[in-house]
Amino acid sequence: MTSVRLDRSSWAAPPRPVRIVHIGVGNFSRAHQAWYTARADPTGAWGIAGFTGRSAAVADTLSRQGGLYTLIERGPDLDRLEVIDSICEVRPASDLADLAAAVAAAPTSVVTLTVTEAAYAPAPASGALPAVPDRLVTALAARFDAGAGPLAIVSCDNISANGSVLRDLTLAAADRRRPLLGAWIDAEVSFVSTSVDRITPRTTEDDRRLVQSELALVDDAPVVCEPFTDWVLCGEFPADRPHWEDAGARFVSDIEPWERRKLWLLNGGHSLLAYRGLLRGHATVYDAVGDHTLGAALERFWDLAERHLPAAELDLNVYRRDLKRRFANSRIGYPLTQIAADGLGKLRSRVVPVIEAATEAGESPEPALQVIAAWVQWLENVPDLAAVDASTDELRPVLRTTGGEDRTRALLGLLAPGWGSRDELVTATERLRIDLS
Ligand code: CS2
């Protein structure tokens, strides 16, 4: 069978008009928000202009393909392939003038972001604000100057109260820039908090070959994800938005229970399996969850977390049962190294709050503390720190100059304010670390 290159010349529908700007085009946003938009809007009224995040590599490839790519939904038994056409253009993050122009354009009503947890943290040494809100402020200033009216900014990163955190950072960055800008943002720009969920492993050469053999398409940028997907949103859309609910998204008045359920149970569970699994020689979530010791540790962690979630509202039995099925999807092969990366930023949202909730209630946090202990032990053996954590500047001095309990203390100090001086937490973590080593 002859294959054709996937690009706009082989695609019947015209490019959609841009009404959404996305910052951080990567595999996850293409498996999630871009899929929701394509699914919710089959008539093609909503197009996305994408800007890359940390890695600009995908910009060239996707641009060559006119933004088109294949989404491979990988179930336990079969793959379902579909070409997604909601992204119309993709540019590198460095094109700040283009970003500003896209956000300032009157038809743009929504800006979505997937920029990773680390992008929301101020620089450790200088306390300087992170770069993403600064870029956002440049873009919002252009919209203010253009008189293009209100819009919604939708954070889709795995941190709690992501919309509110981004709002505070953006307003702080705006205040430093121009006096009236902050007031305009406050009045006209809404920051929507969301909980996002879809397991999206890295794409492999086999996936590219699969697209070629199944669809006769040469696609250099397919994305693989599990069939499950979830999106919970909370906040106003002062301009317009796609009917994402038609694709299954849920709009709620209080995001906290939903984001906690997802961050604590799924992401926290992932990190437990990643650090403990890598220490035990496993490679994927599927391998780790099948290890009886880790399966039991996961249940204990979930039991602890569940005691601090509003059970009635969240249908936790069903959620946990589904999670087990999702983790046991052998065909996803989700690499533990992918989860282990950027632990400092990730653990702050997914494991630290569980430990805090347990200690405040006078319970032993040990089922959650083991994740931190395993992270500390895993960091010990990482050959190239820069390759596994964006917070290298914070971690490197600690890893270079300390060892044993001092190192554990220093790492806990980085994870959460005051933790470095909580002796009982440091001793318990160090004891668990030694058990895992
Ligand atoms: C994972 C997440 O890599 C990780 O840290 O825990 O990417 C996880 O797969 C997604 O949040 C699932 O929605």
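Student: Where does the ligand sit?
Tutor: In this predicted model, the ligand occupies the largest pocket.

Student: Which elements give two or more residues to the shell around it?
Tutor: Strand S9 (189-197), helix H9 (256-279), helix H14 (336-340) and helix H15 (343-350) do.

Student: And which of them has the largest share?
Tutor: H9 gives the largest share of the shell, with 4 residues.

Student: How many residues surround the ligand?
Tutor: There are 14 around the ligand, and the closest are Asp197, Arg198, Lys262, His270 and Lys346.

Student: What classes are in that shell?
Tutor: The shell has 5 charged residues, 5 nonpolar ones and 4 polar ones.

Student: Okay, domains now. Which domains does the shell draw at least three residues from?
Tutor: Domain 1 (3-253) and domain 2 (257-436) each supply at least three residues to the shell around the ligand.

Student: Back to single atoms. What lies 2.8 Å from a ligand oxygen?
Tutor: That is a polar backbone atom of arginine 198.

Student: What about side chains, say lysine 346 and arginine 350?
Tutor: Lysine 346 has a polar side-chain atom 2.9 Å from an oxygen atom of the ligand. For arginine 350, a polar side-chain atom is 3.0 Å from a ligand oxygen.

Student: And how much of the ligand does the protein bury?
Tutor: The ligand taken alone exposes 340 Å², and the protein buries 91% of that area.

Methods
Residues numbered from 1 in each chain as written. Predicted model: local features only at pLDDT ≥ 70, side-chain atom pairs only at ≥ 80, totals over all residues. Heavy atoms only, no water. Near = heavy atom within 4 Å. Polar contact = N/O pair within 3.5 Å; in protein donor to acceptor, adjacent residues only side chain to side chain. Areas by Shrake-Rupley, 256 points an atom, 1.4 Å probe, with all protein chains shown as cover. 1 Å grid on protein atoms, 1.4 Å probe; cavity = no way out; pocket = protein on both sides within 12 Å on 5 of 7 lines; lining within 4 Å. Sits in = over half its atoms within 2 Å of the grid points. Nonpolar A, V, L, I, M, F, W, Y, C, P; charged D, E, K, R; others polar. Domains from an automatic or database assignment.
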